[in-house]
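User: I'd like to learn how to read a few features in this model. Can we start with charged pairs and work up from there?

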Amino acid sequence: MRAKTTILTAALLFCAPVAARAATPEPPVSEEAGEAERASRGVTVSVDNQSWQAVRIYAVINGGRRALGRVESRERRDFRLPEAASSGRVHLLATWTPQEGITTEPVSLTPGTRLEWRILDAPGGNPGATQSQLLFH
């Protein structure tokens with residue numbers, strides 16, 4: 001009888017914590033935690049340069065221009081925008097010479113936003129004549 005009691009006690013001691021964990025629901029994720037997670041991700045932009053010219057990429061945030069980097073012809077490159085991009089009006093600027101470039105319309109962004117900017121040669125292939133598409137994800 002004592003052996004049965006020991007086995008039963010051992011089984012209860014083993015199973016009780018497992019059953020308690022299974023019965024305990026996951027705590028809900030608060031809105032603040034969700035906002036913090038999005039803020040930690042920041043704003044990213046993927047530049048897909050489908051033109052025949054290499055371009056320098058800038059973020060213009062609340063009137064101030066910040067260099068992000070260079071994207072070679074027919075290449076794609078990802079950039080993380082400065083933190084200030086999450087709280088103001090932003091437009092992107094691509095230049096192929098100091099005097100020539102293309103820009104996006106100003107947009108308001110939130111943390112966690114992903115942008116894709118496609119830079120395309122204009123129909124007819126005129127040098128320096130470029131089109132672009134800005135996509136939000």
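Analyst: Sure. A salt bridge here is a side-chain nitrogen of Lys or Arg within 4 Å of a carboxyl oxygen of Asp or Glu. Keep in mind that this is a predicted model.

User: With that cut-off, how many salt bridges does a search of the whole structure find?

Analyst: Five salt bridges turn up when the whole structure is searched. Take arginine 70 and glutamate 72: their side chains meet at 2.6 Å, N to O.

User: Are those two buried, exposed or partly exposed?

Analyst: The scale goes like this: under 20% relative accessible area is buried, over 50% is exposed, and partly exposed is in between. Arginine 70 has 37% relative accessibility, so it counts as partly exposed. Glutamate 72 has 34%, so it is partly exposed too.

User: And which residue forms a salt bridge with arginine 76?

Analyst: That's glutamate 116, with the closest N and O atoms 3.3 Å apart. Arginine 76 sits in strand 4 (residues 75-80) and glutamate 116 in strand 8 (residues 114-121), so this pair ties together parts that are 40 residues apart in sequence. Arginine 76 is partly exposed at 47% relative accessibility, while glutamate 116, at 10%, counts as buried.

User: What else does glutamate 116 meet in a salt bridge?

Analyst: Glutamate 116 also meets the side chain of arginine 118, at 3.1 Å from N to O. Arginine 118 is partly exposed, with 29% relative accessibility. Follow the shared partners and you get one network that joins Asp48, Arg76, Glu116 and Arg118.

User: Let's move to the backbone. How do I read a sheet?

Analyst: Strands of a sheet pair through backbone hydrogen bonds, and the pairing can be parallel or antiparallel. In this model, four strands make an open sheet in the order 4-1-8-9, with mixed pairing.

User: Which strands stand at the edges?

Analyst: Strand 4 and strand 9 (130-136) do; each has a single partner strand, so one side of each is left without a neighbour in the sheet. From one strand to the next, the twist averages 15 degrees.

User: In which sense do strand 1 and strand 8 pair?

Analyst: Strand 1 (residues 44-49) and strand 8 run in the parallel sense, over six bridges. Two names from the salt-bridge network come back here: aspartate 48 has arginine 118 as its bridge partner in strand 8.

User: Now a loop residue. Where is threonine 104, and is it buried or exposed?

Analyst: Look in the loop between strand 6 (100-103) and strand 7 (107-108) for threonine 104. At 8% relative accessibility, threonine 104 counts as buried. The side chain of threonine 104 reaches the backbone nitrogen of leucine 92 at 2.9 Å. Leaving out residues up to four places away in sequence, threonine 104 touches His91, Leu92, Trp117 and Leu134.

User: How does another loop residue, glutamine 53, read?

Analyst: Glutamine 53 is in the loop between strand 1 and strand 2 (55-61). With 24% relative accessibility, glutamine 53 counts as partly exposed. To compare sequence with space, take glutamine 53 and threonine 97: they are 44 residues apart in sequence and 9.7 Å apart in space, C-alpha to C-alpha.

Definitions and conventions:
Residues are numbered from 1 along each chain as its sequence is written. This is a predicted model: local features need pLDDT of at least 70, side-chain atom pairs count only at pLDDT 80 or more; totals for chains, interfaces and linings use all residues. Side-chain values use heavy atoms; hydrogens and water are left out. Buried means under 20% relative accessible area, exposed over 50%, partly exposed in between (1.4 Å probe, protein chains only). Two strands pair if DSSP finds at least two bridges between them. Axes are lines fitted to C-alpha atoms, for helices over the stretch in contact, and angles run from 0 to 180 degrees between N-to-C directions. A polar contact is a pair of N or O atoms within 3.5 Å; within protein, one must be able to donate a hydrogen and the other to accept it, and residues adjacent in sequence count only if both atoms are side-chain atoms. Contact means heavy atoms within 4.5 Å.
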